[in-house]
Amino acid sequence: MVADERVIVALDCSADEAIDLATTLRGKVQWLKIGMTLFYANGPHIVGQLKELGFDVFLDLKLNDIPHQVSGAAAEIAKLGVGMFTVHASGGLAMMRAAVDSSRRAAEEVGVPVPAVLAVTVLTSTDDAGLSEVGVSSTSAEQVALLARLAGEAGVDGIVCSPHEAKMVRELLGDDALVVTPGVR
């Protein structure tokens, strides 16, 4: 059986449960997603454990800070050998460029493949009313388009968006961009 490379399984559970689930999924899927809770509870060790089991790791920490801090964090993430990681597109052009540049340099320094940097546009849990609450007058679709264009300009490898915007993002960024759809709005 060949592992499915198009499906990413989110490990939103404890480390023990994550390892048990990963063991069950061996040979069925190639990608596992580690979110904030699992990573903050277990640190880089959980990435290593999953990689040892033969999985590609998508580290979904949604980095969003000043460019200097994101640059440093992206470099450390790249050194872990993850296949993909996320930044918030709302962090701006300079921040996203810093993540892309530093992750590439760090991966090359330690001899691991360069990870794909994915920009999160609008969280799938945020609707138009939620955007309005934080002062964004655009609709979700308009905000996704704006942030996707900015992310493309920053040189990210792809976008995280809801399935509702996937076609639009593909049209904006082209066939080479990764489009990851983790949930629905």
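These are my notes on strand β2 and the two largest pockets.

**Setup.** I worked from a predicted model, where local features need pLDDT of at least 70, side-chain atom pairs count only at pLDDT 80 or more, and totals for chains, interfaces and linings use all residues. Residues are numbered from 1 along each chain as its sequence is written, and side-chain values use heavy atoms, without hydrogens and water.

**Strand β2.** I looked up β2, residues 29-35 (strands are DSSP E runs of at least two residues, helices H or I runs of at least four, numbered from the N terminus). Seven of its seven residues are buried (under 20% relative accessible area, 1.4 Å probe, protein chains only).

I then checked its partners (strands pair if DSSP finds at least two bridges between them). Strand β1 (residues 4-10) runs parallel to β2, with four bridges. Ile8 has Trp31 in β2 as its bridge partner. From β1 the chain passes through helix α1 (residues 15-25) to β2, a right-handed crossover (clockwise from first strand over helix to second, with the strands pointing away from the viewer). Strand β3 (residues 56-63) is also parallel to β2, joined by five bridges. Leu32 is bridged to Val57 in β3.

**Pockets.** I looked up the largest pocket (an open set of points on a 1 Å grid over the protein atoms alone, where a 1.4 Å probe fits, with protein on both sides within 12 Å along at least five of seven lines; lining residues have an atom within 4 Å of a point). It is lined by 13 residues, with Arg6, Ile8, Val179, Val180 and Thr181 nearest its centre. β1 supplies the largest share of that lining, four residues.

For the second largest pocket, β3 gives the most to the lining, three residues.

Methods:
Buried < 20%, exposed > 50% of the residue type's maximum accessible area, 1.4 Å probe, protein only.
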